[in-house]
Amino acid sequence: MKPLYILFILSAIGFTSCIDEDLNIDPNRPSSVPTTSLISTAQKHLTDNVRSEQASLRSSALFIQQISQITYTSQSRYDIPFGYSADIWSGLYSVLNNLQEIINLNTDPATKDLVTADGAGRNATQIAISRVLKSYAYYALTDIFGDVPYNSYGSDDPDFQALQQNPDNITPKYASQEKIYTDILNELEQAGDTLLKYSVEKTFGVSDIIYSGDNAKWAKFANSLRLRFATRIKAKDNALYQSHFADALQKGVFTSNADNAVYKYAVAAPNEAPYYRATVTANRRDFALSKPFVDLLKGENSQLPLVDPRLSKYASVNNVGVYEGLAYGLTEAQAGSFAAGDVSLPGSIYSAADYGEVLLEYSEVEFLISEYNNWSHANYVNGVRASLEKWGVASADINTYVSQLPPANERNVLNQKYISLFTQFLEAWSDYRRTGYPDFLIKKDDVIFSGVIEGQPVTYTFSPLFGDGGVPSRLYYPIKEQTVNLQSYQDAIAAQGNDVIETKLWVFK
């Protein structure tokens, strides 16, 4: 029997040696970890979600009355579907999960060396850029809803329970907006310091659509965002505002439009810009520039009696060759009297498939510095000039316009900031909720149209369907939260007020 046993063993050894080693490799699991792919996806989906119809065109763009609805007008009267909240919530948390995955891969001993291969950059800077983008996504969530589940790289606060890898943690607490803003500022400071330390290096390379891997520009972006968010809490914690603002300025912020954080879309499907997809791709003409906004740009608002050269950049002429804004907040019956061809639609720059959506720009930085410097005239002029240059206004027209600007004060600086934030509708809405400017936005019972229709004189007034008659302060939480995370939802409502659009958020009270 012994020879047979030996023969059996030899046969088994021979058989084993012929096994194809590749059979043990799962073709669906990559051997290297592509954080470069994750960052491209995260940047696109972040911009897609912040500038989506739900978060932008059918909510914040209407709330700050730069856009009017042409046919279906209920959102301009503050009837906001709960489905919008669900889409914004799920979309932004999906982005956050992608960014957290980059951080996890850069900290896990099993993968941290793999993700730095092929010029993707060091672990520390991959993490830092992800922290900057996470801060942006969380800013959008908290400014839209208020208290939300939050997660931090640099803090182990027990209230920060979002994005936990523990599968049992399906009911995270909602962190307070006060804690969220304080931590966002710390996250940006720490991330900016890391990026500044390695400013001569590159991270993510061409997979970084915003800055093509330029760490120095990412450091400026982080510090410039600190200016925005420190100013947001100015009235709540002036000492924190002052310390973050001064530190960010000292470390370096945007100094020209070359620094702008822009996500550039593509001409080819499916990577066109959000407004293009909502109109050209969808074959719809739902949005026009509003009459209050066009009148402001035409110099027909007494607060700014100057013709703004950005009018031709922001708007297109109507069917008779003039700029005509659409009355804001019409009922659907009233809107039937105004055809799309009668009013000015957004212009060709914003309407392009490859429009570059701005996450933060130099003009805003100058307006923020003007406010910090007690409404500095020099920074105010710099901000206006930067906006005009970004939109391609001719130099002679820029010089003429800025030479005629009214003097810098709170109202004039914030009116110009409002104009410059066109297309950055969420930030314009947030700034309005913080400051109350511009103070000419339409409220309940204001006249929105007075003229002749079909030979008869008519006057329409604004009649919102929900809210207290003013601009909404937030959106509703997704209904699903009441099912899957009821206790945390109830705790958040108890802390900040009813789940209605008129409930003022902590940072805007």
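Start with the lining of the largest pocket: its residues divide into 10 nonpolar, 6 polar and 2 charged. The model on screen is a predicted one. The pocket has a volume of about 460 Å³. To find its centre, select W89, Y93, I170, P172 and E481, the closest to that point of the 18 lining residues. Two elements each give two or more residues to the lining, namely α4 (82–107) and α19 (481–484). Which element gives the most? Colour α4 to see it: this helix supplies 5 residues.

Next, select strand β2, residues 261–264. Which of its residues are on the covered face, and which on the uncovered one? A261 and Y263 belong to the covered face, while V262 and K264 belong to the uncovered face. Now add β4 (356–360) to the selection. The two strands, β2 and β4, pair in the antiparallel sense over 4 bridges. To check one position in the pairing, pick A261 and look across to β4, where L360 stands opposite.

Move on to E361, in the loop between β4 and α14 (362–372). Is E361 buried or exposed? E361 has a relative accessible area of 0%, so it counts as buried. Show the residues around E361, leaving out those up to four places away in sequence: E361 touches F254, N260, K390, S420 and Q424. With Q424 there is also a polar contact, of 2.6 Å, between the two side chains. Then select N257 and draw a C-alpha to C-alpha distance from E361 to N257: it should read 6.7 Å, although the two are 104 residues apart in sequence.

The last stop is R51, in the loop between α2 (35–50) and α3 (53–63). Its relative accessible area is 6%; the cut-off for buried is under 20%, so R51 is buried. Where does the side chain of R51 reach? Display the backbone of V358 as well: the R51 side chain reaches the backbone oxygen of V358 at 2.7 Å. Finally, show the contacts of R51, again without its neighbours within four places in sequence. Among them are S56, Y136 and P274, together with E357, V358 and L359. T423 and Q424 are also in contact with R51. Keep Q424 selected and go back to E361: Q424 is one of the residues that E361 touches, and it is in contact with R51 as well.

Conventions. Residues are numbered from 1 along each chain as its sequence is written. This is a predicted model: local features need pLDDT of at least 70, side-chain atom pairs count only at pLDDT 80 or more; totals for chains, interfaces and linings use all residues. Side-chain values use heavy atoms; hydrogens and water are left out. Buried means under 20% relative accessible area, exposed over 50%, partly exposed in between (1.4 Å probe, protein chains only). Contact means heavy atoms within 4.5 Å. A polar contact is a pair of N or O atoms within 3.5 Å; within protein, one must be able to donate a hydrogen and the other to accept it, and residues adjacent in sequence count only if both atoms are side-chain atoms. On a 1 Å grid over the protein atoms alone, a cavity is a set of points where a 1.4 Å probe fits but cannot get out, and a pocket is an open set with protein on both sides within 12 Å along at least five of seven lines; lining residues have an atom within 4 Å of a point. Grid points are joined across faces, edges and corners, and a volume is the space filled by probe spheres set on the points. Ala, Val, Leu, Ile, Met, Phe, Trp, Tyr, Cys and Pro count as nonpolar, Asp, Glu, Lys and Arg as charged, and the others, Gly among them, as polar. Two strands pair if DSSP finds at least two bridges between them.
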